[in-house]
Amino acid sequence: MKKKYYFILSIFFSSLTFAQVTLTQTTTENISVGSITCNAGGVPAQNTFFRAFNLTTLGYTQFTVTRVDFGVESFTNASAIPFVIDLIIYSHTGAAFPGGTLTQVGIQSYTLVTGDVGTIKQITLTSPALVTSSQLIVALRIPDSQAAPGTGSLATFFPASNADGQTAPAYITATGCGIATPTALSGIGFPNMHLVLSVTGSPNLSITDNSLENNIKVYPNPTNNILNIELANSLELRNIEITTITGQKVLESTASTIDVSGFQDGIYFIKIVSDKGILTQKFIKE
């Protein structure tokens with residue numbers, strides 16, 4: 001009966017048309033104290049943070065964004081007015097970002113709550129956003145904090161970041177602080193604010209490029225004791241995370257050989273973080 005159960009689930013997962021890939025520029029998703037915004041006493045004016053992903057460099061002809069992840073370092077809201085941030089996907093053409101032209105192709109709003117503090121939020125887009133240009137830009141837009149009528153209470157918010165390393169800079173605009181065009185955080189004196197902001201979705205591969213899926217092998221699958229992760233020479237392994245089918249994290253490591261003999265039998269997901277992106281695959285523990 002157990003084997004039949006696995007077989008049915010394998011058919012379900014293999015029916016997905018494209019592998020889901022996460023584009024990220026931070027080494028980890030750790031949340032550290034030290035993020036900045038354009039604010040007065042922690043109360044933000046309108047800020048927008050950006051990350052830019054070069055699809056051509058990654059070997060993609062287009063990318064359909066289905067989810068945006070961001071972290072929450074801190075949030076308070078004594079006001080009765082909901083504090084709503086926007087996650088925006090842009091198609092970018094022309095000169096290299098921050099130059100060139102941005103065209104909005106998707107947006108998802110999210111109302112922050114105090115329980116979000118210290119977490120990474122995974123926000124699924126109601127309508128997936130298709131980017132067909134060479135660059136994909138994701139933005140986190142923070143509104144002006146507004147007080148409820150008759151009160152002086154305002155919301156405070158800082159997005160998550162860390163200093164663990166990044167492969168490209170994050171950018172900010174904040175007209176209230178005189179930053180009218182996207183400017184690298186390092187350019188305004190904050191080189192160690194590595195903003196946690198990423199996108200997940202389905203890429204289309206260029207004909208001449210090999211995908212992460214073709215350059216990362218997870219074997220044997222199924223396995224009853226050892227799971228090996230093999231990366232092509234062009235890739236650098238940075239982190240591995242294994243979760244259950246319900247999303248519970250059971251292991252995090254930087255090793256390429258994992259002992260899963262102590263795991264309960266079942267289906268798991270392994271997220272492999274490389275220097276060129278993140279690949280998530282399933283495996284079966286027998």
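These exercises work through the strands of one predicted protein model.

Residues are numbered from 1 along each chain as its sequence is written. Because the model is predicted, local features need pLDDT of at least 70 and side-chain atom pairs count only at pLDDT 80 or more, while totals for chains, interfaces and linings use all residues.

**Exercise 1. Describe the overall make-up of the protein.**

Step 1. Count the elements: the protein has three helices and 22 strands. Both are DSSP runs, helices being H or I with at least four residues and strands E with at least two, numbered from the N terminus.

Step 2. Look at burial. Of the 286 residues, 45% are buried; buried means under 20% relative accessible area, exposed over 50%, and partly exposed in between (1.4 Å probe, protein chains only).

Step 3. Look at contacts, meaning heavy atoms within 4.5 Å. Among contacts with a separation of 6 or more, 75% are between residues 24 or more positions apart.

**Exercise 2. Find the partners of strand β21 and explain its surroundings.**

Step 1. Locate the strand: β21 covers residues 266-274.

Step 2. Find its pairings, where two strands pair if DSSP finds at least two bridges between them. Strand β18 (residues 237-244) runs antiparallel to β21 and is joined to β21 by seven bridges. In this pairing, I242 has I270 as its bridge partner. Strand β22 (residues 277-285) is also antiparallel to β21, with nine bridges. Here I272 stands opposite L279.

Step 3. Check the link: β21 and β22 make a hairpin, with two residues between them.

Step 4. Judge the burial. Seven of the nine residues of β21 are buried, so the strand is largely enclosed by the rest of the structure.

**Exercise 3. Is I267 buried or exposed?**

Step 1. Place the residue: I267 lies in β21.

Step 2. Read its relative accessible area, which is 6%; I267 is therefore buried.

Step 3. Compare sequence and space. I267 and T244 are 23 residues apart in sequence, and their C-alpha atoms are 6.7 Å apart.

**Exercise 4. Write out the strand order of the six-stranded open sheet and name its edges.**

Step 1. The order is β7-β6-β9-β4-β12-β13, with antiparallel pairing.

Step 2. The edge strands are β7 (101-111) and β13 (179-184), since each pairs on one side only.

Step 3. Inside the sheet, β4 (residues 47-54) and β9 (residues 135-142) pair over eight bridges in the antiparallel sense. One of the matched pairs is T48 with R141 in β9.

Definitions and conventions: Side-chain values use heavy atoms; hydrogens and water are left out.
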